[in-house]
Amino acid sequence: MRESCIELTKEQQAYRDGDAGLELQLATETLIRYGKAFSAERLVPIVSAHLAGSFAISAYSGYYELFDRLVAAGVRVRVPTTVNPHPGHDYSLPNRWLVFRRQEHHERQLERLGVMLNFSCVCYYEANVPRFGDILGWAESSAVIYANSVIGARTNRHSIMIDVCMAVTGWTPDFGLLQDEHRKGDVLVKLDVDEMDACAVGYLVGRRLVNKVPVLTHYPFDATELKNMGAAMAAAGGIGLFHVVGATPEAPTLDAVFHREPEETITITQQDLDALRLERSQQAEAGMIVFGCPQMTLEEVQQIGRHFVGKKVKRRVLFHVVPSALTQLRELPLHNQLIEAGVELYRHCPLASLSLRFGGGRILTPSGKLHYYLQDADYGNLDDALRIAGVR
Ligand code: F3S
């Protein structure tokens with residue numbers, strides 16, 4: 001790979017020289033080396049950061065030591081910075097005593113660094129809302145793809161640690177999805193479906209078009225569908241940006257979104273969607289139905305929750321909700337109606353909390369992302385999930 005030469009501003013050079021302290025010198029040097037690996041030629045200012053590292057997993061000890069150093073040196077984030085969900089460290093004893101033993105310590109570190117403790121991967125819902133064209137330094141693939149595709153902001157898919165370096169310096173290397181030429185469509189995706197299932201579409205597009213920019217022909221997806229479809233696409237295919245012609249901001253027309261002929265055209269059919277769903281007979285064996293990966297917004301809880309009102313669930317049903325949305329939900333009659341129906345309401349990340357568990361049976365989920373990452377999570381569309389839950 002060709003190594004680029006990064007041109008620094010005076011301030012960036014001063015940081016690199018250590019004028020702002022050793023910790024910020026190391027953070028700047030890390031971003032420079034990261035940028036060089038991707039042929040970036042400059043570091044550019046970011047409007048906000050989002051950190052994926054909200055979990056205190058013992059195996060990441062070096063990461064938490066870095067935080068200790070930053071906090072001891074009095075470093076604070078330089079741009080508004082949000083953070084991913086709680087891992088559910090208090091969800092079970094194995095989580096509490098084996099996996100996330102230092103969770104409280106890490107949350108104190110985040111607070112002292114000046115991070116907004118929103119604890120949500122749906123940071124763009126309320127806490128950290130970008131505008132079209134904003135340059136961001138975000139980790140968390142589901143948030144990155146939403147910001148790029150639905151809002152038209154610009155961020156690459158960054159990793160844990162790089163996200164911290166961007167938050168404390170306020171810069172990101174200029175490459176990839178920050179640049180116009182990498183935001184055009186690669187592959188045209190036609191939809192030939194009778195019963196739309198956006199999550200399944202996202203999952204299948206991800207599996208077939210790894211690292212591409214897919215362009216979907218118009219379908220009136222709502223914000224919840226775009227959130228869940230993008231998350232599945234990002235998980236299954238490493239995709240950071242998609243377009244929907246006539247719906248997302250950089251795709252007013254087919255001509256505008258492709259700078260050349262599509263390199264390929266694929267069609268997702270109803271049979272493709274149905275094939276992803278677990279057989280009906282096997283669905284009935286699910287021990288729990290899990291919603292909310294990414295976490296559910298208030299609108300999503302209302303859309304899905306109405307099916308549970310006045311009913312009793314026949315399986316464990318878990319909703320994972322954006323914490324601020326859960327606070328708002330508590331003010332509504334729906335909150336108690338869900339509790340009376342037997343729905344369990346959580347505010348953490350289901351992938352983290354359910355990864356280590358004993359018993360409880362297999363999971364059925366309408367989340368493409370959870371299905372991709374969690375070994376014993378089978379996929380069912382929303383109708384399947386409601387039917388097995390016993391409310392349809
Ligand atoms: Fe969010 Fe956890 Fe799913 S971070 S996207 S709820 S894996």
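Me: In this predicted model, which residue in β4 stands opposite Ser48, and how should I read such a pairing?

Reply: The residue opposite Ser48 is Leu136 in β4. That contact belongs to a wider pairing, in which strand β2 (residues 48-51) and β4 run parallel and are joined by three bridges.

Me: What is the strand order in the open sheet of three strands?

Reply: The order is β3-β2-β4, and the pairing is parallel. Because β3 (81-83) and β4 (136-138) each have a single partner strand, they stand at the edges, and one side of each is left without a neighbour in the sheet. From one strand to the next, the twist averages 10 degrees.

Me: Which strands form the open sheet of five, and which of them are the edge strands?

Reply: The five strands follow the order β12-β11-β10-β13-β14, again with parallel pairing. Its edge strands are β12 and β14 (377-379), each of which pairs on one side only. Neighbouring strands of this sheet are turned against each other by 30 degrees on average, with direction ignored.

Me: How many bridges join β10 to β11, and which residues are partners there?

Reply: Five bridges join β10 to β11, and the two strands run parallel. Phe291 has Phe319 of β11 as its bridge partner, while Val290 is matched with Leu318, also in β11. As a general idea for reading such a register, side chains in a regular strand alternate between the two faces of the sheet.

Me: What kind of unit do β10, helix α13 and β11 make?

Reply: Together with helix α13 (residues 298-305), the strands β10 and β11 make a right-handed β-α-β unit. On β11 there is a further pairing, since β11 and strand β12 (residues 343-346) are joined in the parallel sense over four bridges, with Val343 in β12 as the bridge partner of Val317.

Me: How many of the residues in strand β11 are buried?

Reply: Strand β11 (residues 316-321) is mostly covered, with five of its six residues buried.

Me: Which residues surround the ligand, and what is their make-up by class?

Reply: The ligand is surrounded by Asn84, Pro85, Cys121, Ser142, Ala231, Cys293, Pro294, Gln295, Cys349, Pro350, Leu351 and Lys369. By class, this shell has eight nonpolar residues, three polar ones and one charged one.

Me: Where does the ligand lie with respect to the domains, and which element supplies the largest share of the shell?

Reply: Domain 1 (10-178) and domain 3 (280-389) both give residues to the shell, so the ligand lies between them. At the level of secondary structure, β10 (288-296) and α16 (350-355) each supply at least two residues of the shell, and the largest share, three residues, comes from β10.

Me: What should I make of the peptide bond from Cys293 to Pro294?

Reply: The general expectation is that most peptide bonds are trans, and that most residues other than glycine have a negative phi. Here the bond from Cys293 to Pro294 is cis, with omega near 0 degrees. Pro294 is placed in strand β10, and both Cys293 and Pro294 are among the residues that surround the ligand.

Me: What is the phi of Phe119, and is Phe119 buried or exposed?

Reply: Phe119 has a positive phi of about 45 degrees, although it is not a glycine. Phe119 is found in the loop between α5 (103-113) and β4. With 23 C-beta neighbours inside 10 Å, Phe119 reaches the cut-off of 20 or more and therefore counts as buried.

Me: What is the phi of Met161, and where is Met161 found?

Reply: Met161 also has a positive phi, of about 90 degrees, although it is not a glycine. Its place is the loop between α6 (141-151) and α7 (162-169). Met161 is partly exposed, because it has 19 other C-beta atoms within 10 Å.

Me: Where does Met196 lie, and how far are its C-alpha atom and that of Thr269 separated?

Reply: Met196 lies in the loop between β6 (187-192) and α8 (198-208). With 17 C-beta neighbours inside 10 Å, Met196 counts as partly exposed. Although Met196 and Thr269 are 73 residues apart along the chain, their C-alpha atoms are separated by 10.0 Å.

Definitions and conventions: Residues are numbered from 1 along each chain as its sequence is written. This is a predicted model: local features need pLDDT of at least 70, side-chain atom pairs count only at pLDDT 80 or more; totals for chains, interfaces and linings use all residues. A residue is near a molecule or strand if its C-beta atom, placed from the backbone, lies within 6 Å of it. Ala, Val, Leu, Ile, Met, Phe, Trp, Tyr, Cys and Pro count as nonpolar, Asp, Glu, Lys and Arg as charged, and the others, Gly among them, as polar. Domain bounds come from an automatic or database domain assignment. Two strands pair if DSSP finds at least two bridges between them. Axes are lines fitted to C-alpha atoms, for helices over the stretch in contact, and angles run from 0 to 180 degrees between N-to-C directions. A residue is buried if 20 or more other C-beta atoms lie within 10 Å of its own, exposed if 12 or fewer, and partly exposed in between; C-beta atoms are placed from the backbone. A crossover is right-handed if, with the strands pointing away from the viewer, the path from the first strand over the helix to the second runs clockwise.
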